[in-house]
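User: I should like to learn how to read the features of a structure that is new to me. Would you kindly guide me through one, step by step?

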2 protein chains.
Amino acid sequence: MSNRHTFSAFDEDLEQIRLSVLSMGGHVEEAILRAARALETRDADLAGDVVQGDKIIDAAEEEINAQVVRLLALRQPQADDLRAVVAVMKMAGELERLGDYAKNMAKRVPVLAAGVVIDGAAGALKRQARLVSQMLKDMLDAFSRLDVDLAHDVIARDAEVDDMTNALFREFITHMMEDPRNITPCLHYVFIAKNIERMGDLVTHGAEHVIFVAEGARPGERAKGLSTSTITAQQVQQQ
Amino acid sequence: MSNRHTFSAFDEDLEQIRLSVLSMGGHVEEAILRAARALETRDADLAGDVVQGDKIIDAAEEEINAQVVRLLALRQPQADDLRAVVAVMKMAGELERLGDYAKNMAKRVPVLAAGVVIDGAAGALKRQARLVSQMLKDMLDAFSRLDVDLAHDVIARDAEVDDMTNALFREFITHMMEDPRNITPCLHYVFIAKNIERMGDLVTHGAEHVIFVAEGARPGERAKGLSTSTITAQQVQQQ
């Protein structure tokens, strides 16, 4: 932490930005859970709230970027400090994308609510979404106190999300094959499951930033579950 | 362009980074076209090359980020210059995600090559991918000479990609309904079409960065085609 010519001012500014990121993360966490609940209860109004609420998340990212640019211009941080600032900006970018996925999930609710019920689908997706939102919560905790162990724990849990996604894909494909009327709703469910899987990837990236800031190096290649890019090949072979 | 205490050194450094971004963009453009060709010719080897090649794209982003951090630390740019630097870093991030989508397309090739042929699917996706890679090429041109008109033109063309995606969705759903054996390949094709649509969105974001850097403000809300989040609702109603 050398080269710092305005020590406390920089620390205070960065702390303000970190608090903004944590607050933004809280909004995203809530958006994911609310989108999943709207899906399960077929609540188009709640889904509409989530879609509208994404504007707050987008605005939060813009504000954080502006804060970062002001900080860079004013404090001219170097070395570790600069790395911490860049990581915070990347974190905000990833939270914004997580918010987009939650919005996308919510957008599909009205269509799904108007169509046939696929037994167990919304409930299973809600469990998958809960897993990811818990990962997000823990990643934000790890970020707020630079807890490397917790960040590693979050990364490890992503394989569970991937496995759950693959199980869901198999289930949805079976439903599609059983009855052509299931195809359209299941297509939406498949996209939602894939989006939740991607949320897990983004949270994992966030946890990697935490480790990068704390230790100055990225973690090694993380363990990945089976990819859904190839899962349906097995499905084909099983039919 | 005030507050600049090392005028030519900053300009030279930024120009170097811009060239790195353009070179990275060229790799991404090629990856998209090669992935689409692999899909059409059912060439698993070519697809494997695209998947491997994504590492070069990822490494290029890391290198650009490192260049940016060095530039920030060394030249401490202010105001417009700082905004240009941040935009360049965001551009590299978007190119990296474009590369991921191309890789994802390529990953699906072996599965699709081993399965039933869906008439016209790969050819239509190749046309969609070509449209996006041309948008990317023009966006990079607009970026290299800060051509705002060309950037606006790129943004306008994204609606065409969205419309094409929706037409493809309808087609794939019809194939799925006709024969359950089409479900698995069509699911992959649907994901590919969606990924190409997202590539169009990312290129559009890139064009918005160009306008932001050139004019200091983001363009207004852009015209969007119909979203695939709702398209299949109509499809349901038509059946």
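## Reading helix packing, symmetry and confidence

Analyst: Let us begin with a pair of helices in this predicted model. In chain B, the axes of helix α2 (residues 44-75) and helix α3 (residues 79-107) come within 9 Å and cross at roughly 170°.

User: How should such values be read, and why are α2(B) and α3(B) described as roughly antiparallel to each other?

Analyst: Two packed helices are described by the angle between their axes and by the distance between those axes. Angles over 145 degrees count as roughly antiparallel, and therefore α2(B) and α3(B) are roughly antiparallel to each other. The crossing of α2(B) past α3(B) is left-handed. The contact of α2(B) with α3(B) has 15 nonpolar, three polar and seven charged residues.

User: At what angle do α3(B) and helix α5 of chain B pack?

Analyst: The angle is about 165°, and the axes of α3(B) and α5(B) (residues 121-145) lie 13 Å apart. These two helices are therefore roughly antiparallel to each other, and α3(B) passes α5(B) in a left-handed crossing.

User: Which residues make the contact of α3(B) with α5(B)?

Analyst: From α3(B) come Val88(B), Met91(B), Leu95(B) and Leu98(B), while α5(B) supplies Leu136(B), Met139(B), Leu140(B) and Phe143(B). By class, this contact of α3(B) with α5(B) has eight nonpolar residues, no polar and no charged.

User: What is found for helix α3 and helix α7 of chain A?

Analyst: The axes of α3(A) (residues 79-107) and α7(A) (residues 183-215) come within 10 Å and cross at roughly 170°. That makes α3(A) roughly antiparallel to α7(A). Their contact comprises 15 nonpolar, five polar and five charged residues.

User: What rotation superposes chain B on chain A?

Analyst: In general, two copies of a chain are related by a rotation about an axis and a shift along it. Here a rotation of 180° with 0.1 Å of shift along its axis superposes chain B on chain A, with an RMSD of 0.0 Å. The two copies are thus related as by a two-fold rotation axis. In chain B, the C-alpha nearest the axis belongs to Gln76(B), 3.0 Å from it. The same surface serves both copies, as 100% of the contact residues of chain B recur in chain A.

User: What pLDDT does chain A average?

Analyst: Chain A averages 88, and 87% of the residues score at least 70. Over residues 221-226 of chain A the pLDDT is below 50, and this stretch has 17 contacts in the model beyond near neighbours in sequence. Residues 231-239 of chain A also have a pLDDT below 50, with 16 such contacts beyond near neighbours in sequence. Where pLDDT is low, the predicted coordinates should not be read in detail.

Key: Residues numbered from 1 in each chain as written. Chains lettered and ligands numbered in written order. Predicted model: local features only at pLDDT ≥ 70, side-chain atom pairs only at ≥ 80, totals over all residues. Heavy atoms only, no water. Least-squares fit on C-alpha atoms with pLDDT ≥ 70 in both. Contact = heavy atoms within 4.5 Å. Axes fitted to C-alpha atoms, helices over the stretch in contact; angles between N-to-C directions. Helix = DSSP H or I, 4+ residues; strand = E, 2+ residues; numbered from the N terminus. Parallel < 35°, antiparallel > 145°, perpendicular 65-115°, else oblique. Nonpolar A, V, L, I, M, F, W, Y, C, P; charged D, E, K, R; others polar. pLDDT = per-residue confidence, 0-100. Left-handed = near helix turned anticlockwise from the far one by under 90°.
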